[in-house]
Amino acid sequence: MLRVAVAGAGFMGTTHAQRWAALPEVRVVGVYSRTAARAEALARPSGAVATDDIQSLLAMPADVVDICLPTDRHADVAVAAFAARRHVVCEKPIALDPADGERMAAEARRADRLLLVAHVVRFWPEYARLREMVLGGAIGRPTSAAAERLQEGPGWVGDGWGARAAGGGPVVDLQIHDHDFLASLFGVPRLVQAVGGDRHVFTTYVFDGGAVATAEAASDMPRGYPFTSTLRVRGDEGVLEYVFRAGGVRPDEAGGLSALTLHPDAGAPAPIAVPPGDAYTLQLAHFADCLRRGEPSGVVSPASAIRALRIALAARAALDAGTAVRP
Ligand SMILES: NC(=O)c1ccc[n+]([C@@H]2O[C@H](COP(=O)([O-])OP(=O)(O)OC[C@H]3O[C@@H](n4cnc5c(N)ncnc54)[C@H](OP(=O)(O)O)[C@@H]3O)[C@@H](O)[C@H]2O)c1
């Protein structure tokens, strides 16, 4: 039985606690929130112990501490969890400062514990399949990509802790998913440029070897605009495109869209069937499996999470400076 203590009972703490509770051979034993009532509300359904004291959460008999706190709290809590010999799954971004990310990775090594940073897009079945197909040569040599990540405002970003001081702002907090995913396809960009503002940003990347990419991230879409996440990769033999929309394009349309399509230069477009799955569940099940095998994740490493953070910080520096920045 894997015992999990969840630090955070907000949006992500709730998402993780519910997913953990549904996994076999896993028990949520504790929940922390700054507000006792919030911790209690999330702890109750799984019979976990609620606390508003992070030290008591870390003292609970648990195998894993799952950190779903504002990003500026990740490093200190993770380091304390490693000192208590807990494994750690931690929401993205790993931290706000790469030095803190390095500190987390070093403490995990020193304590001989595993650290998984929850870059959930890597576990999203269609994204994972797209990546597998690109790396497997399905569109030849990838030459460019375009990504979108659009959510209605004000969302969690910008007004509360998601603002720069505690969350890094959208180019870090929201767009890190695309920085990470594009880096997983093309490597670390040689140059990053970003234009726009703190709530709506357009980032461009130039990679060694000549590939280029763009990513748009918005947390200012009008109320009711469906969460939208897309990725189109152009190769010298075709295009792979994934489109996810949580709702219809028009308000009178029902449902959403999740479609991965291969458009070869020679041949007809083909929908790619991907077995459905909830990325948050798959991510935590993956970590549980890593722990059972005693092996670090082959999908997301502390190093790849730090790499994504460095790219995010370069994009933010480029946004501020109005010039291209080398990550
Ligand atoms: N992967 C994804 O799709 C995704 C999506 C959203 C967020 N995230 C990441 O998940 C993390 C948490 O975000 P969230 O949206 O879940 O935040 P949230 O809803 O605001 O919840 C934050 C939790 O941390 C507690 N907290 C707030 N400030 C604190 C402080 N200074 N010290 C200690 N605890 C504090 C809150 O307690 P009270 O509410 O009781 O005050 C609450 O339990 C962030 O790193 C964010 O980037 C990831």
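Helices (DSSP runs of H or I, at least four residues) and strands (runs of E, at least two) are numbered from the N terminus. This is a predicted model, in which local features need pLDDT of at least 70 and side-chain atom pairs count only at pLDDT 80 or more, while totals for chains, interfaces and linings use all residues. Residue numbers start from 1 along each chain as its sequence is written.

The protein chain splits into domain 1 (2-118) and domain 2 (122-279 + 309-321), with bounds that come from an automatic or database domain assignment. Between the C-alpha centres of domain 1 and domain 2 there are 27 Å.

One sheet is open and parallel, with six strands in the order 3-2-1-4-5-6; two strands count as paired if DSSP finds at least two bridges between them. Its edges are strand 3 (49-51) and strand 6 (115-118), each pairing on one side only. On average, neighbouring strands here are turned by 20° against each other, direction ignored. Strand 1 (residues 2-7) and strand 2 (residues 26-32) run parallel and are joined by six bridges, and Ala7 sits opposite Tyr32 in strand 2. Helix 1 (residues 11-22) packs on this sheet, touching strand 1, strand 2, strand 4 (64-67) and strand 5 (87-91), at about 155° to the direction of strand 2. Contact here is between residues whose C-beta atoms, placed from the backbone, lie within 7 Å; axes are lines fitted to C-alpha atoms, for helices over the stretch in contact, and angles between N-to-C directions run from 0 to 180 degrees.

The other sheet is also open but mixed, its eight strands following the order 8-9-10-7-11-12-13-14. Strand 8 (191-196) and strand 14 (270-271) are at the edges with a single partner strand each, so one side of each has no neighbour in the sheet. Strand 12 (residues 238-245) pairs with strand 13 (residues 257-264) in the antiparallel sense over eight bridges, and Val239 faces His263 in strand 13. Helix 11 (residues 302-321) packs on the sheet, touching strand 8 and strand 9, and its direction makes about 50° with that of strand 8. Helix 9 (residues 176-186) lies across strand 7 (142-152), strand 9 (200-206), strand 10 (212-221) and strand 11 (228-235), running at about 165° to strand 7.

What about helix 11 itself: how many of its 20 residues are buried? The count is 14, so helix 11 is largely enclosed by the rest of the structure (buried means 20 or more other C-beta atoms within 10 Å of the residue's own, with C-beta atoms placed from the backbone). After helix 11 comes Gly322, with a positive phi near 75°.

Methods
Contact = placed C-beta atoms within 7 Å. Buried ≥ 20, exposed ≤ 12 C-beta atoms within 10 Å, placed from the backbone.
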